[in-house]
Amino acid sequence: MLKREARRESSLPMHGLCLLLLLVFPASFVAATRASSPEQQIFELLNQERDKVGEPKLQWDDRLAQAAREHSNRMVDWNAIGHQFPGEPGVAERIGSTGARFTQSAENVAKSFSPEEAHAALMTSPGHRENILSEKYDAVGIGVVDHDGHLFVTEDFAKVVPAYSEQQFAEAVVAAFNAARRRNGQRKIDVRFDSQLHGLACSTNPQFEQKRQLSSFGHELMMFTLSEPDKLPEQVVQKTLDKRPRTLDLGVCFKPDAQYGYANFWVAVVLHP
C-alpha cells in the first residue's frame with residue numbers, strides 16, 4: 001500500500017492530492033535496481049522518464065539532497081506525508097538554507113514500500129509527473145528515510161544557477177551591458193566599481209534607499225534585482241544604449257531571500273554622460 005501527496009512548487013499555487021495504490025512489479029524489474037541505494041534508484045528512474053520524452057537528464061545536487069533528507073526525516077518524525085510541518089520553513093526556504101543557488105524549485109513527497117512503488121505512483125499523478133519531466137528544472141536531490149518498513153521519500157527539484165561571487169557577478173553584468181552596446185554598434189562603456197553603490201545595494205531596504213538617495217546620485221540612479229547576470233531588465237539596457245552615457249558606476253550585493261529568490265543580487269547603477 002502506498003501513500004503520496006502532490007507536489008509543491010515555489011513559484012506556483014500550492015495544491016495537494018492523495019491516492020492509495022496497490023502495485024506489483026515483475027521480479028526482474030525489482031532485481032535490476034536492487035543493487036543501488038534507494039536514492040540512486042529513484043534518481044535513475046527519474047532520468048529514464050526524462051530520456052523517454054527527450055528532456056535533458058537532471059543533475060544530482062548535494063544541497064538539494066541535503067534539504068530533501070532533512071524533510072524526509074521531518075516526515076518520519078510526524079509519521080505523515082506533507083510539504084510543511086509546524087515550525088518548518090517552506091520548500092524554497094528549506095532549499096535556500098543549504099546555500100543552493102536557484103531560480104525555481106518544486107518538491108514531490110511519497111511514502112512507499114520500495115523506490116519503484118514511490119516512483120510509479122508519482123508518475124501517475126499529473127502534478128508530480130510535471131515536476132519530474134519539466135524543462136524548468138535541471139537538478140534534483142533525493143532524500144529517502146527507511147522507517148518501520150516504509151520509505152519516506154522527498155524529491156527536491158530546482159533550476160540551479162552558478163554560484164557567483166559579488167565581483168564575478170558585477171563583471172558578468174558589465175559584460176552583458178557591453179554585449180548589448182556592441183550589438184547596437186557602440187563602443188564599450190567605461191565602468192567604475194563604486195563602494196557607496198555597493199553599500200546602497202546591500203542596504204536593508206534598497207528600494208526605499210534608492211528613492212531617498214536620488215538627489216545624491218542623480219536621476220540616472222537605477223536599482224534592480226538579478227539572479228542571472230545576462231538577463232538585464234530591458235529598460236536598463238535601453239538606457240545604456242543611449243549614446244550620451246560614457247561612464248557607468250556599479251555596485252552589486254548578494255542578497256538571497258524568499259521574496260526575490262535564493263540566487264538574488266541587488267544591482268545599483270549610475271550612468272554619467
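**Exercise 1. Decide whether Ser203 is buried or exposed, and find its polar partner.**

Step 1. Ser203 has a relative accessible area of 14%, so Ser203 is buried. Buried means under 20% relative accessible area, exposed means over 50%, and partly exposed lies in between (1.4 Å probe, protein chains only).

Step 2. Locate the residue. Ser203 sits in the loop between α8 (195-201) and α9 (206-212). Helices (H or I, at least four residues) and strands (E, at least two) are DSSP runs, numbered from the N terminus.

Step 3. Look for the partner. A polar atom of the Ser203 side chain lies 2.7 Å from the backbone oxygen of Leu200.

A note on the model: it is predicted, so local features need pLDDT of at least 70, side-chain atom pairs count only at pLDDT 80 or more, and totals for chains, interfaces and linings use all residues. Residues are numbered from 1 along each chain as its sequence is written, and side-chain values use heavy atoms, with hydrogens and water left out.

**Exercise 2. Work out the strand order of the open sheet that contains β7, β8, β9 and β10.**

Step 1. Start from β9 (residues 247-254). β9 pairs with β7 (residues 190-193) in the parallel sense, over four bridges. Two strands pair if DSSP finds at least two bridges between them. Asp190 stands opposite Thr247 in β9.

Step 2. Take the next partner. β9 and β10 (residues 265-272) are antiparallel, over eight bridges. Here Leu248 faces Leu271 in β10.

Step 3. Add β8. Six bridges join β8 to β10, and these strands run antiparallel. Met222 has Val269 in β10 as its bridge partner.

Step 4. Assemble. The order is β7-β9-β10-β8, an open sheet of four strands with mixed pairing. β7 and β8 (221-226) are the edges, each with a single partner strand, so one side of each has no neighbour in the sheet. The twist averages 25° from one strand to the next.

**Exercise 3. Explain why β9 is largely enclosed, and say which helices lie across strands of the sheet.**

Step 1. Count burial. Seven of the eight residues of β9 are buried, so the strand is largely enclosed by the rest of the structure.

Step 2. Place α7 (residues 166-183). This helix lies across β7, β8, β9 and β10, at about 140° to β9. Axes are lines fitted to C-alpha atoms, for helices over the stretch in contact, and angles run from 0 to 180 degrees between N-to-C directions.

Step 3. Place α11 (residues 234-241). It lies across β8, β9 and β10, running at about 135° to β8.

**Exercise 4. Describe how α2 packs on α5.**

Step 1. Give the geometry. The axes of α2 (residues 38-52) and α5 (residues 115-123) come within 9 Å and cross at roughly 35°.

Step 2. List the contact (heavy atoms within 4.5 Å). From α2 come Pro38, Gln41, Ile42, Leu45, Leu46 and Glu49; from α5 come Pro115, Glu116, His119 and Met123.

Step 3. Sort by class. The contact has six nonpolar, two polar and two charged residues. Ala, Val, Leu, Ile, Met, Phe, Trp, Tyr, Cys and Pro count as nonpolar, Asp, Glu, Lys and Arg as charged, and the others, Gly among them, as polar.

**Exercise 5. Characterise the surroundings of Val144.**

Step 1. Val144 is in strand β5 (residues 139-147). Its relative accessibility is 16%, so Val144 counts as buried.

Step 2. Leave aside neighbours within four places in sequence. Val144 then contacts Pro38, Glu39, Ile42, Ser72, Leu151, Phe152 and Val153.

How values were computed:
Polar contact = N/O pair within 3.5 Å; in protein donor to acceptor, adjacent residues only side chain to side chain.
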